[in-house]
Amino acid sequence: MRQTNDYEDNSGGLPLIGMALGVSFFVLLILLLVVSLNKKNSSPSRPQAAAVSSEEEDTTDYLAGSNLVASDLGFWDMYPPEEETSTVTEEKTQEEETTTEEDPATDGKHVQVTLRDGTTEWLEINPKWKRNTYDFSNLVSKNNLLKYYADGKQASYLGIDLSRYQKEVNYGALKNEGIDFCMIRVGARGYETGTIQADDMFETHIAGVTQAGIDVGLYFYSQAITEAEAVEEANYLLSRIGTHKITYPIAFDMEYVENDTARIETLTNSERTKIALAFLKRIEEAGYTGMLYGNKEWLLKRIDLSQFEEYDIWLAQEADIPDYPYTYSMWQYSRKGEIYGIDGYVDLNISFVDYSAR
């Protein structure tokens, strides 16, 4: 029989060494496994997995350790919510529409005026004043002589201005050319001296026009600076009529002087308005039709047009189609007209009213 001490002394060492080797091998195996797993996790072939893991860890940190919300982070301002973006877009669209609507050239609420110095200005059309209703698609031009049609019938009358600037006139030829009326200047007040001067061709013109069977209207070139002077001008004109038959209006013509200073320069709009009204009232008291002459700038900027509602307007505007918005019954459309029977230029007019039938 083997003794215990012999066993421990002679054979007990080998089992202990084996156990130590086994444990070491097991630890080494575990270390190798851990290293292998770490290499796989850090491998470039799976970057997305690492990114996800990192984001999950960071997100966890934000949620666990911060009270911030999305709106507290500055970069969210770069991306407005869909509803807000829609609102901004709608506001921009409304602004663009408003801008378009307020464009004076297209809104139908403004008219452009060229001032004396050549600059232009947009004036708002007064909705309370009566607008003209002419349809200029019905305007026909032949040899620069205009005719206006309404409901398929001619509704206009052709006229010219005559003064001392037309010396040689064949009145019969004018009638044959279709001239229906002539506006003849009776006289003028000097823009410097202020004295009334007769038009030295008045008698010749009114006699020749009347004999040719052409209707007659008159006008006076005014430089009056008081209402009394305006009445003086009207009385002078009336005194020159005599027995001549006047079937068209008698017009008040006040204008600035080109390239010089006129005596009316310092008048205010109110003063010019009162002066014109004084002339026209005197004309109507005498039983004639009073008419106010002026270009677009004069009518809209130099007088108070609202005071002339009961008077007819003679518009001076050289244009294919006038853009004066309010009512007028006569239109001077050319100051360089040419017509057989007159040597040189003459003003051409079209009347939308047959005054001779009144």
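Contacts across the chain tend to link distant parts of the sequence: among those between residues at least 6 apart, 62% join residues at least 24 apart. The model is a predicted one, and its chain holds nine helices and 14 strands. Of the 358 residues, 36% count as buried. The accessible surface comes to about 22,200 Å², and carbon and sulfur atoms account for 50% of that.

Now for one pair of helices, α7 and α8. Helix α7 takes in residues 227-241 and helix α8 residues 269-285; their axes come within 8 Å and cross at roughly 30°. The crossing is right-handed. On the α7 side, the residues that meet α8 are Glu227, Ala230, Val231, Glu233, Ala234, Asn235, Leu237 and Leu238. Their partners in α8 are Lys274, Ile275, Ala278, Phe279, Arg282 and Ile283. Sorted by type, the residues of this contact come out as nine nonpolar, four charged and one polar.

What about α8 itself? With 17 residues at 1.5 Å a residue, α8 should span 24 Å, and its end C-alpha atoms are indeed 24 Å apart, so the two values agree. The buried residues of α8 are Arg272, Thr273, Ile275, Ala276, Leu277, Ala278, Phe279, Leu280 and Ile283. Ile275, Ala278, Phe279 and Ile283 thus turn up twice, being buried and also in contact with α7. Helix α7 is just one part of the cover over the buried residues of α8, which also includes strands β9 (215-222), β10 (250-254) and β11 (290-295) along with helix α9 (296-302). After α8 comes glycine 287, with a positive phi near 95°.

Note on methods:
Residues numbered from 1 in each chain as written. Predicted model: local features only at pLDDT ≥ 70, side-chain atom pairs only at ≥ 80, totals over all residues. Heavy atoms only, no water. Axes fitted to C-alpha atoms, helices over the stretch in contact; angles between N-to-C directions. Helix = DSSP H or I, 4+ residues; strand = E, 2+ residues; numbered from the N terminus. Left-handed = near helix turned anticlockwise from the far one by under 90°. Contact = heavy atoms within 4.5 Å. Nonpolar A, V, L, I, M, F, W, Y, C, P; charged D, E, K, R; others polar. Expected span 1.5 Å × (residues − 1). Buried < 20%, exposed > 50% of the residue type's maximum accessible area, 1.4 Å probe, protein only. Areas by Shrake-Rupley, 256 points an atom, 1.4 Å probe, with all protein chains shown as cover.
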